Amino acid sequence: MTPEQTMRFLVTLRTRGVSDKRVLEAMESVDRAAFVSETFAERAYEDVPLPIASGQTVSQPSIVGRMTQALDVQPRDKVLEVGTGTGYQAAILSKLARRVYTVERHRALAAKARAIHEAMGLPNVTQITGDGSRGLPEQAPFDRIIVTAAAEDPPGPLLAQLRVGGSMVLPVGVSDAVQTLIKVTRGPDGFEYDELLPLVRFVPLVEGVEHD
Ligand code: SAH
């Protein structure tokens with residue numbers, strides 16, 4: 001990113017509700033162009049979702065920022081991301097958390113994301129190919145969980161793998177239509193649900209693994 005591109009990118013994020021200093025710094029340090037194909041590299045800093053391989057999309061930067069901000073990641077946190085896609089969101093989380101586990105059901109996307117993370121030197125990110133709707137029981141519980149694909153309701157296994165005091169940010173709603181971004185917080189006596197943003201659009205959370 002040129003200094004001018006960086007400045008414009010940050011102004012757009014701030015204008016669209018991303019105000020957390022640590023989140024803005026993390027987003028400044030991760031070049032979105034590295035995660036999209038050459039065809040779209042020119043548009044990498046625009047606040048638009050972009051198509052990626054396997055028929056999926058990388059979310060628009062302001063949504064990535066708003067979700068990361070709502071997640072309120074702390075430096076000691078172990079974070080689970082469901083839906084690696086390009087690996088862009090995971091790279092941002094890696095700047096904020098102690099450890100990031102990210103799960104992708106498309107084998108090809110997972111491999112590409114892993115290669116980018118390695119090239120960037122992000123040793124605290126672990127990429128797993130699998131069905132993230134089941135979570136990652138062997139690494140549970142998590143302080144934070146972020147889901148970047150839409151389910152009708154928060155998947156039970158993910159709720160179960162959230163530490164007491166932890167929280168999860170995810171889009172919920174019927175997959176073909178628009179969804180609502182929510183935050184689920186686990187307290188000692190149960191779960192609390194807060195609406196963050198109406199009318200978001202994510203690709204659907206799909207069960208099983210794809211070998212493409
Ligand atoms: N966070 C990504 C964008 C995600 S797009 C980024 O920063 O680029 C949503 C991704 O979720 C897609 O790649 C899709 O294949 C994946 N996905 C959908 N259902 C899934 C599941 N059950 N487990 C893991 N990944 C899933």
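Biologist: Which residue has a polar backbone atom 2.6 Å from a nitrogen atom of the ligand?

Modeller: The model is predicted. A pair of N or O atoms counts as a polar contact when the two lie within 3.5 Å. A nitrogen atom of the ligand meets this limit with a polar backbone atom at 2.6 Å, and the residue that carries this backbone atom is Val-206.

Biologist: What percentage of the accessible area of the ligand does the protein cover?

Modeller: On its own, the ligand has 580 Å² of accessible area. The share of this area that the protein covers is 98%.

Biologist: Which residue places a polar side-chain atom 3.1 Å from a nitrogen atom of the ligand?

Modeller: Arg-105 approaches a nitrogen atom of the ligand at 3.3 Å, but through a backbone N or O atom. The residue with a polar side-chain atom at 3.1 Å from a ligand nitrogen is Thr-148.

Biologist: How many charged residues belong to the shell around the ligand?

Modeller: The ligand is surrounded by 26 residues, and the closest include Glu-104 and Asp-131. By class, the shell has 9 nonpolar and 13 polar residues, and its charged residues number 4.

Biologist: Which pocket corresponds to the space taken by the ligand, and what is its volume?

Modeller: The ligand takes up the space of the largest pocket. The volume of the largest pocket is about 550 Å³.

Biologist: Which element gives the largest share of the lining of the largest pocket?

Modeller: The lining has 36 residues, with Thr-57, Gly-83, Thr-148, Ala-149 and Val-203 the closest to the centre of the pocket. Two or more residues each come from S2, helix H4 (61-71), strand S3 (78-82), H5 and S4. The largest share, 3 residues, comes from H4.

Biologist: How many nonpolar residues are in the lining of the largest pocket?

Modeller: The lining of the largest pocket divides by class, with 14 polar and 5 charged residues. Its nonpolar residues number 17.

Biologist: Which elements give two or more residues to the lining of the largest cavity?

Modeller: The structure holds 1 cavity of 30 Å³ or more, and about 40 Å³ of space lies in the largest cavity. Its lining is formed by Asp-20, Arg-22, Val-23, Thr-68, Gln-69, Asp-72, Val-73 and Leu-96. The elements that give two or more of the lining residues are helix H2 (21-29) and H4.

Conventions: Residues are numbered from 1 along each chain as its sequence is written. This is a predicted model: local features need pLDDT of at least 70, side-chain atom pairs count only at pLDDT 80 or more; totals for chains, interfaces and linings use all residues. Side-chain values use heavy atoms; hydrogens and water are left out. A residue is near a molecule or strand if one of its heavy atoms lies within 4 Å of it. A polar contact is a pair of N or O atoms within 3.5 Å; within protein, one must be able to donate a hydrogen and the other to accept it, and residues adjacent in sequence count only if both atoms are side-chain atoms. Accessible areas come from the Shrake-Rupley method with a 1.4 Å probe; for residues, only the protein chains shown count as cover. On a 1 Å grid over the protein atoms alone, a cavity is a set of points where a 1.4 Å probe fits but cannot get out, and a pocket is an open set with protein on both sides within 12 Å along at least five of seven lines; lining residues have an atom within 4 Å of a point. A molecule sits in a cavity or pocket if more than half of its atoms lie within 2 Å of its grid points. Ala, Val, Leu, Ile, Met, Phe, Trp, Tyr, Cys and Pro count as nonpolar, Asp, Glu, Lys and Arg as charged, and the others, Gly among them, as polar. Grid points are joined across faces, edges and corners, and a volume is the space filled by probe spheres set on the points. Helices (H or I, at least four residues) and strands (E, at least two) are DSSP runs, numbered from the N terminus.
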